[in-house]
There are 2 protein chains.
Amino acid sequence: MTEKIVPLTDLQIASKAKMLPIWEIAKNAGIPEEAIEPYGRFKGKIDVTKLPKKATNGKVVLVTAISPTPAGEGKSTVTVGLSDALTRLGEKTIVALREPSLGPVMGMKGGATGGGYAQVLPMEEINLHFNGDIHAITTANNALSALIDNHLHRGNDLKIDPRRITWKRVLDMNDRALRNITIGLGGPAQGVPREDGFDITVASEIMAIFCLATDLDDLKERIARIVVGYTYDKEAITVRDLGAQGALTLLLKEAFKPNLVQTMEGTPALIHGGPFANIAHGCNSLIATNTARSLADIVVTEAGFGSDLGAEKFMNIKARHGGFSPDAVVIVTTVRALKMNGGILKENLSEENTEALVLGLPNLERHIHIIKEFGIEPIVALNRFVTDSQAELDVILTWCKENNIAVALTNVWEEGGQGGIALGKEVISQLNRTKNFAHLYNVNDTVENKVKTIAERVYGANEVIYTDKALKDLAEINRYGWDVLPICIAKTQYSFSDDPKLLGSPKGFPITVREIIPKLGAGFLVCLTGDIMTMPGLPKHPAALNMDVDKDGNAMGLI
Amino acid sequence: MTEKIVPLTDLQIASKAKMLPIWEIAKNAGIPEEAIEPYGRFKGKIDVTKLPKKATNGKVVLVTAISPTPAGEGKSTVTVGLSDALTRLGEKTIVALREPSLGPVMGMKGGATGGGYAQVLPMEEINLHFNGDIHAITTANNALSALIDNHLHRGNDLKIDPRRITWKRVLDMNDRALRNITIGLGGPAQGVPREDGFDITVASEIMAIFCLATDLDDLKERIARIVVGYTYDKEAITVRDLGAQGALTLLLKEAFKPNLVQTMEGTPALIHGGPFANIAHGCNSLIATNTARSLADIVVTEAGFGSDLGAEKFMNIKARHGGFSPDAVVIVTTVRALKMNGGILKENLSEENTEALVLGLPNLERHIHIIKEFGIEPIVALNRFVTDSQAELDVILTWCKENNIAVALTNVWEEGGQGGIALGKEVISQLNRTKNFAHLYNVNDTVENKVKTIAERVYGANEVIYTDKALKDLAEINRYGWDVLPICIAKTQYSFSDDPKLLGSPKGFPITVREIIPKLGAGFLVCLTGDIMTMPGLPKHPAALNMDVDKDGNAMGLI
């Protein structure tokens, strides 16, 4: 019997990697010892009040991707590999990523720490609990819920209408049975009966706030502004009305310190905050990005899903709020994902098919167009998979060159930073050019105009339809004067449209806004389009059922 | 205007204390550097696999108390102060405590880290999130719930009866509105509708298991044995049937390492695990107690509520399972609490009232009797409050001497370890005597006999009544052969009886068992008596509303 050669899993590769003590990573990043609080030997939290001030802030490289497919594009992997390549090229670099949510880890997606030889470490601890930030957010969110229901139960002085409470409970879990529930059952001692539901924690407004707040005072002030529901007279009730902002901020004070870890090649990594990009803004915390910029010359960061979601929100929400703009943008694409966008099923992706690839190219083209709308010339990272044929790779490389798009082949999964050197060089050359960044809309414009701008210039839609519910929401938002906030569109990640089945590069479709939810703490208006889940479900065979741990504490089955 | 002298709060005293780095505490405790994983500068987790083996295990001092009253007895404070006193007396001592639950911290009770100059530090971090253990338990508990509901939703191969699922979700929160809920509403894509409810995390069977497991393999095996519900044919369904024990144990692997912190005087403290003593067994983790015993000569530990709850379960469940017995038992009492047991209202406790005190003494007498039932001569710690008169203190001291009971006055809140020296000396003298410990019942006896033994010999009841539901449960337990497990009675902490209003030392009352819940993972049968809440509620003015944090991260309003 001959032995079959099985490639190592990400967890196996990660387990074999040699990590540097967190003190050394901190030192390499320019973080003084007194500013680091160790969490174990290889993780730390940064007390940003103890950091030195650098004269100029580092430049920001945003990594985005084409429309995601089940084939996987490797955006986090390229982000990590690019940061290692820049380190190899002598640039003082930090990578800033989002924290993985346990829901997808236990469900289907697996971890979010890169892959192969382009991972952040310690992989298993980052994927499970990490330093407890998401648990602190869950706790703060649900403490607010308990205080609201206790207020109802204790006489309801604020006259909150139990039918109009918009604040939901959360768990960091994929748990569809909690989407729609009734609570407070069982008689007068058990609270006030009402409809409720659980979202996944990364969909909590507290997560969005956590990722946009600049310091603890700003965090508290934003939490105070959260609208939790409405009175019988339809007046908004905020956290300030309940007096809970102090306690909720106290629950978040340790979590709010950015987490320091390392890539497999020793590049410092800040992993902090992680809102979903389909229902929220999808970027790591602003405080982590600001901290990374204050320490390094180049900060490589990513935004969730494709450029229509994460990158658009990075530019129009996070960067606007943070007072900066990206200095370079990388769009990750793969042969496989473009073939899927060209109509090929996942099970047939290993076969060479340049025709399908060509059919999928308009998806990449549209993502390039979106980045150019912001005045930035993107760089395409063609992330190589072992099944790609040279002919297929050539289709994309040639197309980019013909269209005057910077492109680099990456092979970071297999080679680590070495596989990202070509991309690193393209990025450095882009950083040296002058940029011409512009937001797509002025926040003081009307809600309709702001949504129209995103729908037309980013998605390629030709019409925005508002349901009656959305029109009612809009009227209320205008009445309150909340219309001057940026827009955060909740949309499927699979299509530029609000129909997840419209792959490739659809054009001239309508976008339907079903509902508009004011998130005053986060400071944006969420426009729900299509059927966006704020609480995912588990698949038939959840990833959790493959997981195990041995008697010495070694993890198994994490992907 | 003259300035009023306001005593410092526990948080203020804690904030002024100078802590030793965790490395030094570890060194003092005999923990090699490679076995410590720091969590910040002043907390750590212990990798017990890297500890040296000591020839003999340390002796165990159990601190229990009279029946708790709203006046507060200071059991944790005496436990901490006693450990500091023993350290001052030259004994190599470690104190082992339970982790505070956030529910009571945000609700009414406040923290559980001692008080005054007898506290464990860092007080605010221990009271908020600590090292994330309870969050990990919440996550493991709810991951199991999500897997159960996903199983129902995905075809229900195991034929689980949705009406007979006994596994509930949990949050570490006081949230009465979640006691009785309906889930899975909203149509076929949103799961299977059924009744459910949330308990507080410290009531989770996973918490109980966590506190009784000896290592990761034992933890996994116990989790596998948990009964989550029954099929349509009334056959038990376990975690093993669902195949989830590996993932749940993986989620707990870091949490399962005991936490090392310090008292205000630098005595090493292991704070790990924290089941409630009214609904579970109410002691810190066995792995922490075992670890402390392997490092120190004396381990001071506490059990929840009075000796009828925590101490009885410590002896009959934890110590039995751990293969040891306490070498000394301290019963904490106060003048105030005995006056309340003598019929005085809380608002009148500051007035001298030796008559009421005498009326309350039978409560202390009964707790002494309970400890003697186990073959141990207890030591009474009379924990001094500033309002106590000398005449009142003398009533108790004299009574103890007349009855040949060892007694010591403690003043640890004000003086730290120095205020516990007299108690420390009594404890050391007790440790040098031979002991004559015996469990109250044989586990192989019938359930009825075991319950009768506890009811009569511990509570002073004269009859055990079983409801029809309890009799049905008993028949099922006998059918499955689960009757050979120890008994964990869920009972009010305020009275020896199952009626919280029967203070003092009632006798000749009936105990009604309403329901018997097999906890096969924890390895005991929970007998519910009276109306025991597994999910507390918040008071009219929750403690959370007094909490705040300043821009530098300093906590305010924690009690």
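Helices (H or I, at least four residues) and strands (E, at least two) are DSSP runs, numbered from the N terminus. This is a predicted model, where local features need pLDDT of at least 70 and side-chain atom pairs count only at pLDDT 80 or more, while totals for chains, interfaces and linings use all residues. Residues are numbered from 1 along each chain as its sequence is written, chains are lettered from A and ligands numbered from 1 in the order in which they are written, and side-chain values use heavy atoms, with hydrogens and water left out.

**Exercise 1. Find where the cis peptide bond that joins A:Leu121 and A:Pro122 sits, then look at chain B.**

Step 1. Check omega: for the bond between A:Leu121 and A:Pro122 it's about -5 degrees, so we call it cis.

Step 2. Place the proline. A:Pro122 lies in the loop between strand E6 (118-121) and helix H5 (123-127) of chain A.

Step 3. Turn to chain B. The bond from B:Leu121 to B:Pro122 is cis, with omega near -5 degrees, and B:Pro122 belongs to the loop between strand E6 (118-121) and helix H5 (123-127) of chain B.

Step 4. Keep the background in mind: most peptide bonds are trans.

**Exercise 2. Work out the surroundings of two residues with positive phi, A:Phe130 and A:Lys234.**

Step 1. Start with A:Phe130, which isn't a glycine and has phi near 45 degrees. You'll find A:Phe130 in the loop between H5 and H6 of chain A.

Step 2. Is A:Phe130 buried or exposed? With a relative accessible area of 7%, A:Phe130 is buried (under 20% relative accessible area; exposed is over 50%, partly exposed in between, with a 1.4 Å probe and protein chains only).

Step 3. Do the same for A:Lys234. Its phi is about 65 degrees, and A:Lys234 sits in the loop between strand E12 (227-231) and strand E13 (236-238) of chain A. At 40% relative accessibility, A:Lys234 is partly exposed.

**Exercise 3. Determine which side of helix H2 (residues 22-29) of chain A is buried, and what it packs against.**

Step 1. List the buried residues: A:Ile22, A:Ile25, A:Ala26 and A:Ala29.

Step 2. Look down the axis. These residues cover an arc of only 100 degrees, which puts them on the same side of H2(A); the arc is that of the directions from the helix axis to the C-beta atoms.

Step 3. Recall the geometry: an α-helix has 3.6 residues a turn, so residues three or four places apart point the same way.

Step 4. Name the partners. The buried residues of H2(A) pack against several elements of chain A, including strand E1 (36-38), strand E4 (93-97) and helix H11 (286-295).

Step 5. See what comes next: A:Gly30 follows H2(A), with a positive phi near 80 degrees.

**Exercise 4. Describe how H10 (residues 245-252) of chain A packs against H6 (residues 133-153) of chain A and against H8 (residues 216-225) of chain A.**

Step 1. Get the H6(A) geometry. The axes (lines fitted to C-alpha atoms, for helices over the stretch in contact, with angles from 0 to 180 degrees between N-to-C directions) come within 8 Å and cross at roughly 165 degrees. That makes H6(A) roughly antiparallel to H10(A) (over 145 degrees; under 35 is roughly parallel, 65 to 115 roughly perpendicular and the rest oblique).

Step 2. Pick out the residues. On H6(A), those in contact (heavy atoms within 4.5 Å) include A:Ala136, A:Ile137 and A:Leu144, and they meet A:Leu248, A:Leu251 and A:Leu252 of H10(A).

Step 3. Sort the contact by class: 8 nonpolar, 1 polar and no charged residues (Ala, Val, Leu, Ile, Met, Phe, Trp, Tyr, Cys and Pro are nonpolar, Asp, Glu, Lys and Arg charged, and the others, Gly among them, polar).

Step 4. Switch to H8(A). Its axis and that of H10(A) come within 9 Å and cross at roughly 135 degrees, which makes H8(A) oblique to H10(A).

Step 5. Collect this contact too. Among its residues are A:Leu219, A:Lys220 and A:Ile223 of H8(A) and A:Gln245 and A:Leu248 of H10(A), and the classes come to 6 nonpolar, 2 polar and 1 charged.

**Exercise 5. Characterise the environment of B:Phe374.**

Step 1. Locate B:Phe374: the loop between helix H14 (354-373) and strand E18 (379-383) of chain B.

Step 2. Check burial. B:Phe374 has a relative accessible area of 1%, so it's buried.

Step 3. Go through the contacts. Beyond neighbours within four places in sequence, B:Phe374 touches residues including B:Glu312, B:Met315 and B:Phe437.
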